[in-house]
Amino acid sequence: MNCVFLVGRLGKDVETKYLQSGMCVANMSVATTEKWIKDGQKQEKTEWHTVVIWGKSAENAARIC
């Protein structure tokens with residue numbers, strides 16, 4: 001299993017759906033922002049990440065978010 005800890009902000013509500021098999025799938029967009037100072041000027045870069053969660057974790061994410 002792959003495990004990633006992504007700390008950011010949700011861009012919109014978590015979208016969940018159930019497959020015909022009964023498996024839950026959750027989709028979400030998470031923004032992470034990196035800030036730094038270059039040549040005395042504040043710089044900022046935001047990246048958007050599409051996250052897909054399956055099974056019980058998806059059900060929990062939908063309930064919490």
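# Exercises on a predicted model

Leu-6 is found in the segment before E1, and the structure in which it is examined here is a predicted model.

## Exercise 1: Leu-6 and its surroundings

Determine whether Leu-6 is buried, partly exposed or exposed, and find which residues it touches beyond its neighbours in sequence.

*Solution.* Begin with accessibility: Leu-6 has a relative accessibility of 39%, and it therefore counts as partly exposed. Next, set aside the residues up to four places away in sequence, and the residues that Leu-6 touches are Val-30, Thr-32, His-49 and Val-51. Finally, compare sequence with space for one pair: Leu-6 and Tyr-18 are 12 residues apart in sequence, and their C-alpha atoms are 24 Å apart.

## Exercise 2: Two residues of strand E3

For Thr-32 and Ser-29, both of which are placed in strand E3, work out the burial state and the contacts of each.

*Solution.* Take Thr-32 to start with. Its relative accessibility is 17%, and because buried means under 20%, Thr-32 counts as buried. The side chain of Thr-32 is joined to that of His-49 by a polar contact of 2.8 Å. If neighbours within four places in sequence are left aside, Thr-32 is in contact with Leu-6, Val-7, Gly-8, Lys-45, Thr-46, Glu-47 and His-49.

Now turn to Ser-29, which has a relative accessible area of 18% and is therefore buried by that cut-off of 20%. Not counting residues up to four places away in sequence, Ser-29 touches Arg-9, Leu-10, Gly-11, Lys-12, Trp-48 and His-49.

## Exercise 3: Leu-10 in strand E1

Locate Leu-10, state how accessible it is, and list its contacts away from its own stretch of sequence.

*Solution.* Leu-10 is found in strand E1, and with a relative accessible area of 40% it is partly exposed. Its contacts, leaving aside neighbours within four places in sequence, are with Met-28, Ser-29, Val-30 and Cys-65. As a last step, consider the distance to Glu-47, which lies 37 residues away from Leu-10 along the chain, with 12 Å between the two C-alpha atoms.

## Exercise 4: The largest nonpolar core

Identify which residues make up the largest nonpolar core, and decide which element gives the largest share of it.

*Solution.* The general background is that nonpolar side chains tend to be buried together in soluble globular proteins. In this model, the largest nonpolar core consists of eight residues, namely Val-14, Cys-24, Ala-26, Met-28, Val-30, Ile-53, Ala-58 and Ala-61. Strand E3 (24-38) and helix H1 (55-64) each contribute at least two residues to this core, and E3 gives the largest share, with four residues. To look at one member more carefully, take Ala-58, which touches Thr-16, Cys-24, Val-25, Ala-26 and Ile-53 when residues up to four places away in sequence are not counted.

## Exercise 5: The two faces of helix H1

Work out which residues of H1 are buried, why they lie on the same side of the helix, and what covers them.

*Solution.* The buried residues in H1 are Gly-55, Ala-58 and Ala-61. Because they span an arc of only 100 degrees around the axis, they fall on the same side of H1. The general rule behind this is that an α-helix has 3.6 residues a turn, so residues three or four places apart point the same way. The face turned away from the buried side of H1 carries the exposed residues Lys-56, Arg-63 and Ile-64. The cover over the buried residues of H1 includes strand E2 (15-18), E3 and strand E4 (41-54).

Gly-55 can be followed further: its relative accessible area is 14%, and its contacts, leaving aside neighbours within four places in sequence, are Met-23 and Cys-24. Gly-55 and Gly-22 are 33 residues apart along the chain, while their C-alpha atoms are separated by 9.0 Å.

## Exercise 6: The largest pocket

Find the volume of the largest pocket and say what lines it.

*Solution.* The volume of the largest pocket is about 450 Å³. Its lining has 14 residues, and those nearest its centre are Val-4, Phe-5, Leu-6, Val-51 and Ile-53. Strand E1 (9-10), E3 and E4 are the elements that give two or more residues to this lining.

Key: Residues are numbered from 1 along each chain as its sequence is written. This is a predicted model: local features need pLDDT of at least 70, side-chain atom pairs count only at pLDDT 80 or more; totals for chains, interfaces and linings use all residues. Side-chain values use heavy atoms; hydrogens and water are left out. A nonpolar core is a set of buried Ala, Val, Leu, Ile, Met, Phe, Trp, Tyr and Cys residues joined through side-chain atoms within 4.5 Å. Buried means under 20% relative accessible area, exposed over 50%, partly exposed in between (1.4 Å probe, protein chains only). Contact means heavy atoms within 4.5 Å. A polar contact is a pair of N or O atoms within 3.5 Å; within protein, one must be able to donate a hydrogen and the other to accept it, and residues adjacent in sequence count only if both atoms are side-chain atoms. The arc is that of the directions from the helix axis to the C-beta atoms. On a 1 Å grid over the protein atoms alone, a cavity is a set of points where a 1.4 Å probe fits but cannot get out, and a pocket is an open set with protein on both sides within 12 Å along at least five of seven lines; lining residues have an atom within 4 Å of a point. Grid points are joined across faces, edges and corners, and a volume is the space filled by probe spheres set on the points.
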